[in-house]
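Dear colleague,

Please find below the structure that I am handing over to you. My notes on it come after the display.

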Amino acid sequence: MPSLHPLTPSAPAAPPEPAPAALHATGIPADPQKFKVRVGPSAIDGQGAFADEAIPARRKIGEMRGEFVDMREARQRAREAERSTGRIFMVAISDKRAVDATHSTDPLRFANHSCQPNMVLKVEQGRVAFYALRDIAEGEELTARYGETHHAGRLTCRCGAPGCQGRL
């Protein structure tokens with residue numbers, strides 16, 4: 001099952017242009033990850049993101065960065081990625097733009113879908129951020145509800161959560 005991320009925005013209003021990344025005094029962009037997250041094999045699908053330390057509820061876990069592309073390009077890249085690797089790392093940030101995290105090193109790009117997620121994806125000022133919905137234990141897989149995807153309900157959900165919706 002491909003690792004999918006929503007291609008539609010979670011909020012109806014288009015966010016403002018992305019804010020510039022915070023810089024350290026050295027001029028190097030600040031690390032957007034607030035908690036330690038590792039990538040490893042997932043029981044849900046392929047690779048997943050896992051908490052490498054306990055994460056308190058309602059705290060920002062980190063961000064997923066990537067290349068900004070228009071929605072036409074995002075859809076084209078998503079179709080090609082699905083055909084070639086089966087992995088899609090794309091999030092819409094407005095009705096006109098998306099973030100393609102295919103070449104990102106941010107571990108949260110590996111967050112799998114769950115019908116009962118432990119974190120929420122929020123688009124803030126053109127940035128893709130993840131927040132803990134509840135306390136998350138060290139070693140727990142980090143999951144988010146993808147929402148609407150380009151699969152339009154044609155893909156089987158494998159999250160295994162009680163009350164799973166069954167389709168993505």
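The notes below cover the cysteines, one sheet and one residue of that sheet.

This is a predicted model, in which local features need pLDDT of at least 70 and side-chain atom pairs count only at pLDDT 80 or more, while totals for chains, interfaces and linings use all residues. Residues are numbered from 1 along each chain as its sequence is written, and side-chain values use heavy atoms, with hydrogens and water left out.

The structure contains zero disulfides (a disulfide is a pair of cysteine sulfur atoms within 2.5 Å). For Cys157, the closest cysteine sulfur belongs to Cys164 and lies 3.5 Å away, too far for a bond. For Cys159, the closest is that of Cys157, at 3.6 Å, again too far. Cys157 is buried, at 8% relative accessible area, and Cys159 is buried at 13% (buried means under 20% relative accessible area, with a 1.4 Å probe and protein chains only).

Four strands (DSSP runs of E, at least two residues, numbered from the N terminus) form an open sheet in the order β1-β2-β10-β7, with mixed pairing (two strands pair if DSSP finds at least two bridges between them). β1 (37-41) and β7 (112-113) each have a single partner strand, so one side of each has no neighbour in the sheet. β1 pairs with β2 (residues 47-51) in the antiparallel sense over five bridges; Val39 has Ala49 in β2 as its bridge partner.

Thr143 belongs to β10 (residues 141-144) and is buried, at 6%. Beyond its neighbours within four places in sequence, its contacts (heavy atoms within 4.5 Å) include Ile44, Asn112 and His113.

Yours sincerely

How values were computed: Buried < 20%, exposed > 50% of the residue type's maximum accessible area, 1.4 Å probe, protein only.
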